[in-house]
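Let's take a friendly walk through a protein chain, from its overall form down to single side chains. Keep the structure in view as you read.

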Amino acid sequence: MTTAMKEKLALLNLPGIREILDETIRGAITEELSYEAFFVTLLDHEYMLRKNSRVERLLKESKLPLQKTFGTFDFKRLAAKAIQKIKALDDGLFLDRKENILIFGNPGTGKTHLIAAIADAQIRKGRRLLFTTCSILVQNLLIAKRDLKLPALLKKLSRYDGLVIDDIRYVQQSREEIEILFTLLADRYEQGSILLTSNLPFSKWDQIFKDSMTTAAAIDRLVHHSVIIEINAGSYRTEAAKNKQ
Ligand code: ADP
Ligand code: MG
């Protein structure tokens, strides 16, 4: 490879081709590669490199908890119906359709693990998702509002295909906290998917949103286009502790 070639590949941001050009030329001569095969080798390598670095960047940006993936997820604990629903999400169409995923179950049943695994699988296909807990999200929204930057934050969040809101629950919410959470739900309605987990069934959501009007409006927006997964298994933590004994 000449210096001029090196410079041009760098300028065009083609590090993959730059990496393997010399050896591919040598290989093409000795193995008598066709022009097409030669080009495809270079193209595939560049593509792989880009794709991998994009996924790495997206994973880092997503703030997903480490190791909560399908690789470490035990499906045996779930009912067949839930498994079927989870498998159907794999194609990622729910993100294109701006559908929400709502996961319910008692504490320790694997809700956080499952929602993180669903998000992880989509990120590995190149989609943009952000993981956050409900309480951190509310705090960040309030800070943005205080600094008059709420529209900017909402816009930033709207760029994600999916927003994970883990563990929506009653956290001594003030009127302001409830309102801002509701603002976010309304803002995202039909604009982008929400992936949410909760220990509380809808029948107890007035504990989160306080008055019945707001509760009904919030549930209405979330449920309209949604996939609801209920995990009725026992607590994984308790069982893991029991199995150790
Ligand atoms: P929840 O969010 O419902 O309270 P978590 O997702 O935090 O429950 O699960 C509790 C612990 O048990 C975590 O360490 C999680 O990784 C593990 N766990 C739960 N369900 C499963 C499962 N089906 N397969 C593997 N690990 C699980
Ligand atoms: Mg959880």
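A residue is called buried when its relative accessible area is under 20%, exposed when that value is over 50%, and partly exposed in between. Glu 179, for example, has a relative accessible area of 42%, so it is partly exposed. Please keep in mind that this is a predicted model.

## The chain as a whole

The chain holds twelve helices and five strands. Its radius of gyration is 23 Å, while the globule rule gives 18 Å for 245 residues; the first value is well over the second, so the chain is more spread out than a compact globule. Along its principal axes, the C-alpha trace spans about 75 × 55 × 35 Å.

How much of the chain is buried? Of its 245 residues, 40% count as buried. The chain exposes about 14600 Å², and 55% of this comes from carbon and sulfur atoms.

Contacts tell you how the chain folds back on itself. Among contacts with a separation of 6 or more, 79% are between residues 24 or more positions apart. The chain also carries 38 positive and 31 negative charges, and the mean positions of these two groups lie 5 Å apart.

## Salt bridges

A salt bridge here pairs a side-chain nitrogen of Lys or Arg with a carboxyl oxygen of Asp or Glu within 4 Å. By this rule the count is 13. Three of them are set out below.

| Pair | Closest N to O distance |
|---|---|
| Arg 128 and Glu 61 | 2.8 Å |
| Arg 175 and Glu 179 | 3.5 Å |
| Arg 97 and Glu 99 | 3.6 Å |

Start with Arg 128 and Glu 61, whose closest N and O atoms are 2.8 Å apart. This pair links distant parts of the chain, since its partners are 67 residues apart. Arg 128 sits in the loop between α6 (111–123) and β2 (129–133), and Glu 61 belongs to helix α3 (residues 35–62). Arg 128 has 24% relative accessibility, so it counts as partly exposed. Glu 61, at 28%, is partly exposed as well.

Now look at Arg 175 and Glu 179, which share a salt bridge of 3.5 Å. Why are these two separated by about one helical turn? Both lie in helix α9 (residues 175–188), and they are four residues apart, which means a separation of about one helical turn. Arg 175 has a relative accessible area of 41%, so it is partly exposed.

In the pair of Glu 99 and Arg 97, the N to O distance is 3.6 Å. Is Glu 99 buried or exposed? Its relative accessible area is 17%, so Glu 99 is buried.

Salt bridges can also join into a network, as Asp 96, Arg 127 and Asp 161 do here.

## A buried residue in a strand

Find Ile 103 in strand β1 (residues 100–105). Its relative accessibility is 0%, so Ile 103 counts as buried. Which residues does Ile 103 touch, leaving aside those up to four places away in sequence? Among them are Lys 111, Leu 114, Ile 115 and Ile 118, together with Leu 196, Thr 197, Ser 198, Ile 229 and Ile 231. Ile 103 and Asp 166 are 63 residues apart in sequence, and their C-alpha atoms are 9.4 Å apart in space.

## Out at the surface

Met 213 lies in helix α11 (residues 212–224). With a relative accessible area of 67%, Met 213 is exposed. How far is the C-alpha atom of Met 213 from that of Pro 15? The two are separated by 56 Å in space, and by 198 residues along the chain.

## Two loops with a positive phi

Finally, visit two loops. Asn 13 is in the loop between α1 (3–11) and α2 (15–31). The phi of Asn 13 is near 55°, a positive value in a residue other than glycine. At 47% relative accessibility, Asn 13 counts as partly exposed.

Leu 148 is in the loop between α7 (134–146) and α8 (150–158). Its phi is near 55°, again a positive value in a residue other than glycine. Leu 148 has 76% relative accessibility, so it counts as exposed.

Technical notes:
Residues numbered from 1 in each chain as written. Chains lettered and ligands numbered in written order. Predicted model: local features only at pLDDT ≥ 70, side-chain atom pairs only at ≥ 80, totals over all residues. Heavy atoms only, no water. Rg over C-alpha atoms; globule rule 2.2 N^0.38 Å. Buried < 20%, exposed > 50% of the residue type's maximum accessible area, 1.4 Å probe, protein only. Contact = heavy atoms within 4.5 Å. Areas by Shrake-Rupley, 256 points an atom, 1.4 Å probe, with all protein chains shown as cover. Lys, Arg positive; Asp, Glu negative; His and termini not counted. Charge placed at Lys NZ, Arg CZ, Asp CG, Glu CD.
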